Amino acid sequence: MSSPFLLLLLLISMAAAGQLRPRFYSETCPDAEFTVREVMRKALIREPRSVASVMRFQFHDCFVNGCDASLLLDETPTMLGEKEALSNINSLRSFEVIDEAKDALEKVCPGVVSCADIIIMAARDAVALTGGPDWEVRLGRLDSLTAKQEDSNEIMPSPRSNASYLIDLFAKFNLSVKDLVALSGSHSIGQARCFSIMFRLYNQSGTGKADPAFEPEYREKLYKLCPSEVDQNVTGDLDATPRVFDNQYFKDLVAGRGFLNSDQTLFTFTPTRMFVKLFSKDQAEFFKAFVEGMLKMGDLQLEQPGEIRRNCRVVNDHRRQWERSSWGKDHSLINGNIFWKMERPPG
Ligand code: HEM
């Protein structure tokens, strides 16, 4: 692993999470959480998978330089976006649901609710609306001023990852083996592409064969779904009940019916197996551990300047804000959006 990555992980500070708190918007935007939940409710009706797709954003945002909505920034001529990073391109979807939530929030309380917080609320809502636990989220994040595609490439794990690699990766974010297994239970909802399992079906570990961990009937089903010449964007369900957030995912792993290698490896590898077994038998334990994991993951933050974006896809126009203001003032409150002092306009 390269040293910039290690350095980056060191910089991620859980301490900063002290500023996050439940009901952060109770004074400034009392309807914030209700508004996001309603947008998610509509998204679920319109396209059931979309809420799973939105829930995934929390993982892909928070692991890359903290939960700062850097994931949502569109590419610009001077910045490669994280949307095109290896794990995200042709895979992350339903960004429009976040846009909808942001638009709704800008109408009721303009410039107040960060996109980073919208991701956290929406992920919680996805789980609650599909039958999983509901919990109080800590809020008060700022949105980043940039995105780093190369960091996403370096950090986000491949579907080929084995449990030992995933344990090490999660440990760098202060997430335990239990957190890893519980958070992987997010694959209780949603789908994945054939692209993500072709190696597992046809050439696991360079053997030219399928992963022996597959239960044979399930393997045959996947061969039909993903024949070797398939359009690899065809999708399959991540567990047997992909619209319900429950512990079926873990029951499937015990039965050798995990979709991704990174899923099934949690059962084949001893240190993670005990948690898979526990969660497969006790849904309440899974829900409890999942909520703890989501809260811990949601606390990941990098000390960096931030703002409340008006549009989750682009940073605010600081030059215009600067021109509207007078030189030499403390700009920490210009439009309520710039949170550091500048000598001159950036960019
Ligand atoms: C433990 C390491 C993880 C790996 C290696 C992993 C990998 C993947 C892959 C490869 C896909 C399918 C992508 C595709 O084929 O297009 C996927 C889907 C998904 N992941 Fe993960 N994931 C991990 C952990 C997580 C976590 C922690 C969460 C959220 C808390 C999460 C939420 C989801 C969801 C909800 C989907 C389905 C999305 C949809 O239907 O659009 N994953 N993941």
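A nonpolar core, for this tour, is a set of buried Ala, Val, Leu, Ile, Met, Phe, Trp, Tyr and Cys residues joined through C-beta atoms within 7 Å. Keep in mind that you're looking at a predicted model.

**Stop 1: the main core.** Select Val54, Ile98, Ile118, Ile119, Ala122, Ala123 and Ala126. These are the residues with the most contacts inside the largest nonpolar core, which has 71 residues. Now colour helix H5, residues 115–129: with 10 residues, H5 gives the most to this core. Colour by domain next, and you'll find that the core draws at least three residues from each of domain 1 (8–155) and domain 2 (163–295).

**Stop 2: Ala122.** Centre the view on Ala122 and ignore its neighbours within four places in sequence. What is Ala122 in contact with? Pick out Val36, Met40, Val54, Ile98 and Ala101.

**Stop 3: another core.** Apart from the largest core lies another one, of 5 residues. Select Ile197, Leu201, Cys226 and Phe259, which are among them.

**Stop 4: the ligand.** Show the ligand and the 27 residues that surround it. Ser53, Ser91, Ser186, Gly190 and Ala192 are the closest. For the elements that give two or more residues to this shell, highlight helix H3 (49–62), helix H8 (177–184) and strand E1 (191–193). H3 gives the most, with 7 residues. Colour the shell by class and you get 12 nonpolar, 11 polar and 4 charged residues.

**Last stop: back to the domains.** Why does the ligand lie between domain 1 (8–155) and domain 2 (163–295)? Because both domains give residues to the shell around the ligand.

Terms used: Residues numbered from 1 in each chain as written. Predicted model: local features only at pLDDT ≥ 70, side-chain atom pairs only at ≥ 80, totals over all residues. Buried ≥ 20, exposed ≤ 12 C-beta atoms within 10 Å, placed from the backbone. Helix = DSSP H or I, 4+ residues; strand = E, 2+ residues; numbered from the N terminus. Domains from an automatic or database assignment. Contact = placed C-beta atoms within 7 Å. Near = placed C-beta within 6 Å. Nonpolar A, V, L, I, M, F, W, Y, C, P; charged D, E, K, R; others polar.
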